[in-house]
Amino acid sequence: MTERVRCLIIGSGPAGYTAAIYTGRANLNPVLYEGLQPGGQLTITTEVENFPGYPEGIGGTELMDDLRKQAERFGVDIRTGIATKADLSAAPYKITIDNEQVIEADTVIISTGATAKYLGLEDEQKYAGMGVSACATCDGFFYRKKVVAVVGGGDTACEEAIYLAGLASKVYLIVRKPYLRASQIMQDRVMNNPKIEVLFEHNTVGLFGENGVEGAHVVKRMGEADEKRYDIAIDGFFLAIGHKPNSDIFKEWIDTDEVGYIITEGASPRTKVPGVFAAGDVADPHYRQAITAAASGCKAAIEAERYLSEHNL
Ligand code: NDP
(Lines give C-alpha, C1' and ligand atoms only; values in the text may rest on other atoms or scores of the structure.)
Protein backbone atom coordinates (compact mmCIF):
# COMPACT_ATOMS: atom_id res chain seq x y z
CA MET A 1 0.00 0.00 0.00
CA THR A 2 1.54 3.33 -1.05
CA GLU A 3 0.43 6.81 -0.07
CA ARG A 4 1.80 10.12 -1.37
CA VAL A 5 2.33 13.07 0.98
CA ARG A 6 3.94 16.47 0.55
CA CYS A 7 5.69 16.53 3.87
CA LEU A 8 6.54 13.57 6.04
CA ILE A 9 7.84 14.19 9.55
CA ILE A 10 9.46 11.28 11.36
CA GLY A 11 9.60 11.58 15.13
CA SER A 12 7.57 13.32 17.81
CA GLY A 13 10.02 15.16 20.03
CA PRO A 14 10.24 18.97 20.14
CA ALA A 15 11.84 19.03 16.67
CA GLY A 16 9.15 16.89 15.04
CA TYR A 17 6.22 18.69 16.65
CA THR A 18 7.62 22.14 15.92
CA ALA A 19 8.16 21.14 12.29
CA ALA A 20 4.57 19.86 12.34
CA ILE A 21 3.17 23.13 13.73
CA TYR A 22 4.98 25.20 11.09
CA THR A 23 4.21 22.93 8.13
CA GLY A 24 0.62 22.52 9.32
CA ARG A 25 0.14 26.28 9.49
CA ALA A 26 1.69 26.58 6.04
CA ASN A 27 -0.92 24.17 4.65
CA LEU A 28 1.56 21.53 3.61
CA ASN A 29 -0.75 18.81 5.00
CA PRO A 30 2.06 17.16 6.93
CA VAL A 31 1.91 13.60 8.17
CA LEU A 32 3.87 12.87 11.35
CA TYR A 33 4.83 9.43 12.57
CA GLU A 34 5.44 9.35 16.30
CA GLY A 35 8.18 6.74 16.27
CA LEU A 36 9.54 4.51 18.97
CA GLN A 37 9.02 6.85 21.90
CA PRO A 38 5.96 9.09 21.36
CA GLY A 39 6.80 12.52 22.71
CA GLY A 40 10.51 11.79 22.68
CA GLN A 41 13.09 11.97 25.42
CA LEU A 42 11.27 14.69 27.38
CA THR A 43 8.61 12.20 28.34
CA ILE A 44 11.13 10.35 30.49
CA THR A 45 12.20 13.43 32.42
CA THR A 46 10.20 14.91 35.23
CA GLU A 47 10.07 18.69 35.31
CA VAL A 48 11.24 20.95 32.48
CA GLU A 49 12.27 24.32 33.86
CA ASN A 50 14.37 25.71 31.03
CA PHE A 51 11.87 25.75 28.15
CA PRO A 52 11.01 29.42 27.60
CA GLY A 53 7.45 30.39 28.32
CA TYR A 54 6.86 28.33 31.45
CA PRO A 55 7.87 30.49 34.42
CA GLU A 56 6.86 27.79 36.89
CA GLY A 57 8.25 24.93 34.83
CA ILE A 58 6.23 22.17 33.20
CA GLY A 59 6.22 18.38 33.27
CA GLY A 60 8.03 16.80 30.32
CA THR A 61 4.98 14.76 29.28
CA GLU A 62 2.70 17.78 29.68
CA LEU A 63 4.94 19.91 27.47
CA MET A 64 4.91 17.27 24.77
CA ASP A 65 1.11 16.92 25.06
CA ASP A 66 0.82 20.67 24.55
CA LEU A 67 3.06 20.57 21.48
CA ARG A 68 0.99 17.70 20.10
CA LYS A 69 -2.27 19.60 20.67
CA GLN A 70 -0.80 22.66 18.98
CA ALA A 71 0.13 20.53 15.96
CA GLU A 72 -3.34 18.97 15.89
CA ARG A 73 -4.87 22.44 15.87
CA PHE A 74 -3.26 23.01 12.48
CA GLY A 75 -4.57 19.75 11.06
CA VAL A 76 -1.39 17.70 11.28
CA ASP A 77 -2.07 14.03 10.66
CA ILE A 78 -0.34 12.41 13.64
CA ARG A 79 0.04 8.66 13.39
CA THR A 80 1.47 5.84 15.46
CA GLY A 81 4.23 4.01 13.66
CA ILE A 82 7.94 3.58 13.28
CA ALA A 83 9.92 4.28 10.13
CA THR A 84 11.69 1.00 9.44
CA LYS A 85 13.23 1.60 6.01
CA ALA A 86 14.14 4.56 3.83
CA ASP A 87 14.82 4.85 0.14
CA LEU A 88 16.10 8.35 -0.60
CA SER A 89 17.57 7.48 -3.99
CA ALA A 90 15.08 9.64 -5.91
CA ALA A 91 12.12 11.90 -5.22
CA PRO A 92 9.47 11.18 -4.14
CA TYR A 93 11.28 9.55 -1.24
CA LYS A 94 10.01 6.24 0.02
CA ILE A 95 9.72 5.62 3.72
CA THR A 96 8.41 2.30 4.98
CA ILE A 97 6.38 2.37 8.17
CA ASP A 98 6.28 -0.66 10.48
CA ASN A 99 7.78 -2.81 7.73
CA GLU A 100 4.57 -2.66 5.70
CA GLN A 101 3.19 0.66 4.57
CA VAL A 102 5.20 2.74 2.12
CA ILE A 103 4.82 6.52 2.19
CA GLU A 104 6.03 8.50 -0.81
CA ALA A 105 7.03 11.96 0.33
CA ASP A 106 8.08 15.07 -1.56
CA THR A 107 9.89 16.30 1.53
CA VAL A 108 11.06 14.41 4.59
CA ILE A 109 11.93 15.89 7.96
CA ILE A 110 14.00 13.44 9.98
CA SER A 111 13.53 14.22 13.67
CA THR A 112 14.11 10.78 15.12
CA GLY A 113 16.21 12.00 18.04
CA ALA A 114 18.98 10.30 19.90
CA THR A 115 18.75 7.74 22.62
CA ALA A 116 20.87 8.08 25.74
CA LYS A 117 22.87 5.00 26.48
CA TYR A 118 22.40 3.24 29.79
CA LEU A 119 24.62 0.69 31.52
CA GLY A 120 21.94 -1.96 31.22
CA LEU A 121 21.36 -2.43 34.96
CA GLU A 122 17.88 -3.45 36.09
CA ASP A 123 18.11 -0.77 38.78
CA GLU A 124 18.33 1.95 36.14
CA GLN A 125 14.77 1.13 35.13
CA LYS A 126 13.63 0.60 38.69
CA TYR A 127 14.75 4.12 39.64
CA ALA A 128 13.92 5.87 36.34
CA GLY A 129 12.69 9.35 37.28
CA MET A 130 13.49 8.55 40.94
CA GLY A 131 17.14 9.46 40.97
CA VAL A 132 18.37 8.07 37.65
CA SER A 133 18.78 10.55 34.82
CA ALA A 134 20.66 10.82 31.55
CA CYS A 135 20.49 14.62 31.44
CA ALA A 136 22.18 16.84 34.02
CA THR A 137 20.94 20.05 32.41
CA CYS A 138 17.37 18.74 32.68
CA ASP A 139 17.43 17.30 36.16
CA GLY A 140 20.48 18.70 37.96
CA PHE A 141 18.53 21.46 39.62
CA PHE A 142 16.68 18.90 41.78
CA TYR A 143 19.97 17.88 43.39
CA ARG A 144 20.98 21.17 44.94
CA LYS A 145 23.18 20.57 47.96
CA LYS A 146 22.88 16.80 47.45
CA VAL A 147 25.39 14.14 46.48
CA VAL A 148 25.32 12.79 42.95
CA ALA A 149 27.32 10.48 40.74
CA VAL A 150 28.02 10.84 37.03
CA VAL A 151 29.09 7.83 34.98
CA GLY A 152 31.43 8.28 32.02
CA GLY A 153 34.81 9.67 31.14
CA GLY A 154 34.13 11.65 27.97
CA ASP A 155 33.45 15.34 27.39
CA THR A 156 29.76 14.95 28.20
CA ALA A 157 30.48 13.29 31.55
CA CYS A 158 33.00 16.00 32.46
CA GLU A 159 30.65 18.77 31.36
CA GLU A 160 27.79 17.26 33.36
CA ALA A 161 29.99 16.73 36.42
CA ILE A 162 31.10 20.38 36.30
CA TYR A 163 27.53 21.57 35.81
CA LEU A 164 26.32 19.45 38.71
CA ALA A 165 29.21 20.59 40.91
CA GLY A 166 27.70 24.06 40.64
CA LEU A 167 24.54 22.77 42.30
CA ALA A 168 25.30 19.66 44.32
CA SER A 169 27.41 19.42 47.46
CA LYS A 170 29.53 16.62 45.99
CA VAL A 171 29.88 14.85 42.66
CA TYR A 172 31.45 11.44 42.10
CA LEU A 173 32.65 10.87 38.56
CA ILE A 174 32.66 7.12 37.97
CA VAL A 175 35.14 6.23 35.21
CA ARG A 176 35.73 2.65 34.11
CA LYS A 177 39.24 3.25 32.79
CA PRO A 178 42.30 4.59 34.68
CA TYR A 179 42.04 7.81 32.65
CA LEU A 180 39.51 10.24 31.21
CA ARG A 181 38.78 10.27 27.51
CA ALA A 182 37.63 13.92 27.57
CA SER A 183 39.58 16.82 26.07
CA GLN A 184 42.46 18.10 28.20
CA ILE A 185 40.71 21.33 29.14
CA MET A 186 37.68 19.43 30.46
CA GLN A 187 39.92 17.00 32.32
CA ASP A 188 41.73 19.91 33.97
CA ARG A 189 38.46 21.52 35.01
CA VAL A 190 37.27 18.27 36.54
CA MET A 191 40.51 17.52 38.34
CA ASN A 192 40.71 21.07 39.72
CA ASN A 193 37.13 21.16 40.97
CA PRO A 194 37.17 20.50 44.72
CA LYS A 195 33.59 19.20 44.66
CA ILE A 196 34.33 16.45 42.15
CA GLU A 197 35.89 13.18 43.21
CA VAL A 198 36.94 10.99 40.29
CA LEU A 199 36.65 7.25 40.92
CA PHE A 200 38.95 5.80 38.26
CA GLU A 201 38.72 2.12 37.35
CA HIS A 202 35.27 1.88 38.89
CA ASN A 203 32.13 0.19 37.62
CA THR A 204 28.62 0.50 38.97
CA VAL A 205 26.87 -2.81 39.48
CA GLY A 206 23.66 -1.72 41.20
CA LEU A 207 21.69 1.02 42.94
CA PHE A 208 19.77 0.93 46.17
CA GLY A 209 17.28 3.01 48.12
CA GLU A 210 13.79 2.87 49.62
CA ASN A 211 11.96 5.65 47.83
CA GLY A 212 14.49 6.57 45.18
CA VAL A 213 18.22 6.32 44.84
CA GLU A 214 20.12 6.41 48.12
CA GLY A 215 23.35 4.83 46.95
CA ALA A 216 25.27 2.82 44.40
CA HIS A 217 27.15 -0.46 44.62
CA VAL A 218 30.51 0.13 42.97
CA VAL A 219 33.46 -2.10 42.19
CA LYS A 220 37.04 -0.93 41.92
CA ARG A 221 39.28 -2.81 39.49
CA MET A 222 36.55 -5.29 38.70
CA GLY A 223 37.81 -8.78 37.93
CA GLU A 224 41.35 -8.03 39.15
CA ALA A 225 43.04 -9.75 42.10
CA ASP A 226 42.73 -6.59 44.19
CA GLU A 227 39.08 -5.97 43.26
CA LYS A 228 37.23 -3.97 45.89
CA ARG A 229 33.45 -3.76 46.27
CA TYR A 230 31.82 -1.03 48.29
CA ASP A 231 28.84 1.35 48.40
CA ILE A 232 28.69 5.10 47.94
CA ALA A 233 25.82 7.19 49.30
CA ILE A 234 24.25 9.29 46.54
CA ASP A 235 20.90 10.95 45.82
CA GLY A 236 21.20 11.07 42.04
CA PHE A 237 22.80 8.85 39.41
CA PHE A 238 23.55 10.47 36.04
CA LEU A 239 24.48 8.53 32.94
CA ALA A 240 26.81 10.28 30.50
CA ILE A 241 28.19 7.40 28.49
CA GLY A 242 27.10 8.68 25.12
CA HIS A 243 24.01 8.91 22.94
CA LYS A 244 23.03 6.91 19.93
CA PRO A 245 21.41 9.01 17.21
CA ASN A 246 18.51 7.21 15.59
CA SER A 247 19.79 7.54 12.05
CA ASP A 248 20.51 3.94 11.02
CA ILE A 249 17.93 3.63 8.25
CA PHE A 250 19.10 6.83 6.55
CA LYS A 251 22.85 6.21 6.60
CA GLU A 252 22.94 4.73 3.13
CA TRP A 253 21.69 7.99 1.63
CA ILE A 254 22.91 10.86 3.76
CA ASP A 255 26.14 11.69 5.55
CA THR A 256 26.58 10.96 9.23
CA ASP A 257 29.58 11.43 11.50
CA GLU A 258 31.37 8.48 13.07
CA VAL A 259 28.84 8.29 15.92
CA GLY A 260 25.85 8.46 13.56
CA TYR A 261 24.77 12.11 13.89
CA ILE A 262 23.38 13.37 10.58
CA ILE A 263 25.61 15.96 8.96
CA THR A 264 23.73 18.94 7.57
CA GLU A 265 24.85 21.92 5.50
CA GLY A 266 26.33 24.38 7.97
CA ALA A 267 23.76 25.56 10.49
CA SER A 268 20.86 24.65 8.19
CA PRO A 269 18.85 21.43 8.47
CA ARG A 270 19.58 20.55 4.79
CA THR A 271 21.05 17.11 4.20
CA LYS A 272 22.82 16.29 0.96
CA VAL A 273 19.55 14.90 -0.45
CA PRO A 274 17.39 17.81 -1.73
CA GLY A 275 14.09 17.97 0.13
CA VAL A 276 15.31 15.83 3.03
CA PHE A 277 16.00 17.70 6.24
CA ALA A 278 17.29 16.66 9.64
CA ALA A 279 16.24 18.42 12.84
CA GLY A 280 16.78 17.97 16.54
CA ASP A 281 19.09 15.61 18.38
CA VAL A 282 19.58 13.24 15.45
CA ALA A 283 21.68 15.98 13.88
CA ASP A 284 23.01 17.65 17.02
CA PRO A 285 25.93 16.18 18.94
CA HIS A 286 26.50 19.45 20.80
CA TYR A 287 23.45 21.09 22.38
CA ARG A 288 20.73 18.45 22.61
CA GLN A 289 18.23 20.74 24.30
CA ALA A 290 14.47 20.82 23.76
CA ILE A 291 14.59 24.44 22.69
CA THR A 292 17.42 23.93 20.19
CA ALA A 293 15.58 20.90 18.79
CA ALA A 294 12.39 22.95 18.46
CA ALA A 295 14.30 25.71 16.68
CA SER A 296 15.81 23.31 14.18
CA GLY A 297 12.36 21.79 13.58
CA CYS A 298 11.16 25.27 12.67
CA LYS A 299 14.08 25.73 10.27
CA ALA A 300 13.39 22.36 8.64
CA ALA A 301 9.73 23.29 8.16
CA ILE A 302 10.61 26.59 6.49
CA GLU A 303 13.12 24.79 4.25
CA ALA A 304 10.50 22.17 3.32
CA GLU A 305 7.99 24.88 2.45
CA ARG A 306 10.53 26.67 0.23
CA TYR A 307 11.56 23.45 -1.46
CA LEU A 308 7.98 22.55 -2.28
CA SER A 309 7.19 25.95 -3.69
CA GLU A 310 10.43 26.10 -5.73
CA HIS A 311 9.60 22.70 -7.23
CA ASN A 312 5.89 23.45 -7.70
CA LEU A 313 4.94 20.50 -5.54
P1 NDP B 1 32.14 9.59 24.41
O2 NDP B 1 31.85 8.42 23.52
O3 NDP B 1 33.23 10.51 24.05
O4 NDP B 1 32.48 9.07 25.88
C5 NDP B 1 31.72 8.08 26.49
C6 NDP B 1 32.33 7.79 27.84
O7 NDP B 1 31.48 6.86 28.49
C8 NDP B 1 33.72 7.15 27.75
O9 NDP B 1 34.51 7.59 28.82
C10 NDP B 1 33.41 5.68 27.90
O11 NDP B 1 34.43 4.96 28.50
C12 NDP B 1 32.24 5.72 28.84
N13 NDP B 1 31.42 4.54 28.70
C14 NDP B 1 30.81 4.05 27.58
N15 NDP B 1 30.13 2.95 27.87
C16 NDP B 1 30.31 2.72 29.18
C17 NDP B 1 29.86 1.71 30.07
N18 NDP B 1 29.08 0.72 29.66
N19 NDP B 1 30.24 1.79 31.37
C20 NDP B 1 31.03 2.78 31.80
N21 NDP B 1 31.49 3.78 31.02
C22 NDP B 1 31.13 3.74 29.72
O23 NDP B 1 30.73 10.30 24.56
P24 NDP B 1 30.39 11.80 25.00
O25 NDP B 1 28.90 11.86 25.05
O26 NDP B 1 31.15 12.19 26.18
O27 NDP B 1 30.87 12.68 23.80
C28 NDP B 1 30.38 12.46 22.47
C29 NDP B 1 31.09 13.42 21.51
O30 NDP B 1 30.66 14.76 21.75
C31 NDP B 1 32.61 13.43 21.71
O32 NDP B 1 33.21 13.59 20.46
C33 NDP B 1 32.83 14.64 22.58
O34 NDP B 1 34.12 15.15 22.44
C35 NDP B 1 31.75 15.58 22.07
N36 NDP B 1 31.38 16.53 23.14
C37 NDP B 1 32.05 17.71 23.21
C38 NDP B 1 31.78 18.61 24.20
C39 NDP B 1 32.54 19.86 24.28
O40 NDP B 1 33.40 20.05 23.46
N41 NDP B 1 32.26 20.72 25.20
C42 NDP B 1 30.72 18.37 25.20
C43 NDP B 1 30.09 17.09 25.05
C44 NDP B 1 30.43 16.22 24.05
P45 NDP B 1 35.76 4.53 27.72
O46 NDP B 1 36.62 5.74 27.64
O47 NDP B 1 36.28 3.48 28.61
O48 NDP B 1 35.33 4.00 26.39
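These legends describe close-up views of a predicted model.

**View 1. The two domains and their contact.** The domain assignment splits the protein into domain 1 (2-115 + 243-310) and domain 2 (118-239). Eight residues from domain 1 and eight residues from domain 2 make the contact. The C-alpha centres of the two domains lie 32 Å apart. The size of an interface is often given as the accessible area lost when the parts come together. Between domain 1 and domain 2, about 650 Å² is buried. Carbon and sulfur atoms give 45% of that area.

**View 2. The five-stranded parallel sheet.** Five strands form an open sheet in the order E10-E17-E11-E12-E13. Their pairing is parallel. Strand E10 (132-133) and strand E13 (196-199) stand at the edges. Each has a single partner strand, so one side of each is left without a neighbour in the sheet.

**View 3. The pairing of E11 with E17.** Strands of a sheet pair through backbone hydrogen bonds, either parallel or antiparallel. Strand E11 (residues 147-151) and strand E17 (residues 236-239) run parallel. Four bridges join them. One residue pair to look for is Val150 with its bridge partner in E17, Phe238.

**View 4. The three-stranded antiparallel sheet.** An open sheet has the strand order E14-E15-E16, with antiparallel pairing. Strand E14 (202-208) and strand E16 (228-233) are its edge strands, and each pairs on one side only. From one strand to the next, the twist averages 25 degrees.

**View 5. The pairing of E14 with E15.** E14 runs antiparallel to strand E15 (residues 215-220). Six bridges join the two. Phe208 has Gly215 as its bridge partner in E15.

**View 6. Helix H7 from end to end.** Helix H7 covers residues 290-310, which is 21 residues. At 1.5 Å a residue, the helix should span 30 Å. The end C-alpha atoms are 30 Å apart, so the expected span and the model agree. After H7 comes Asn312, with a positive phi near 50 degrees.

**View 7. The buried residues of H7 and their surroundings.** An α-helix has 3.6 residues a turn, so residues three or four places apart point the same way. The buried residues of H7 include Ala290, Ala293, Ala294 and Gly297. Also buried are Ser296, Cys298, Ala300, Ala301, Glu303 and Ala304. Tyr307 and Leu308 are buried as well. Several elements pack against the buried residues of H7. Three strands among them are strand E1 (2-10), strand E7 (93-97) and strand E8 (101-110). Helix H1 (14-25) and strand E19 (276-278) also pack against these residues.

**View 8. The loops on either side of E7.** Pro92 is found in the loop between strand E6 (83-87) and E7. The peptide bond from Ala91 to Pro92 is cis, with omega near -5 degrees. Asp98 lies in the loop between E7 and E8. Asp98 is not a glycine, yet its phi is positive, at about 50 degrees. With 36% relative accessibility, Asp98 counts as partly exposed, because that class lies between the buried limit of 20% and the exposed limit of 50%.

**View 9. The loop leading to H7.** Arg288 is found in the loop between E19 and H7. Its phi is positive, about 50 degrees, although Arg288 is not a glycine.

Methods:
Residues numbered from 1 in each chain as written. Predicted model: local features only at pLDDT ≥ 70, side-chain atom pairs only at ≥ 80, totals over all residues. Heavy atoms only, no water. Pairing = 2+ DSSP bridges. Axes fitted to C-alpha atoms, helices over the stretch in contact; angles between N-to-C directions. Expected span 1.5 Å × (residues − 1). Buried < 20%, exposed > 50% of the residue type's maximum accessible area, 1.4 Å probe, protein only. Contact = heavy atoms within 4.5 Å. Domains from an automatic or database assignment. Buried area = accessible area lost by both parts, 1.4 Å probe.
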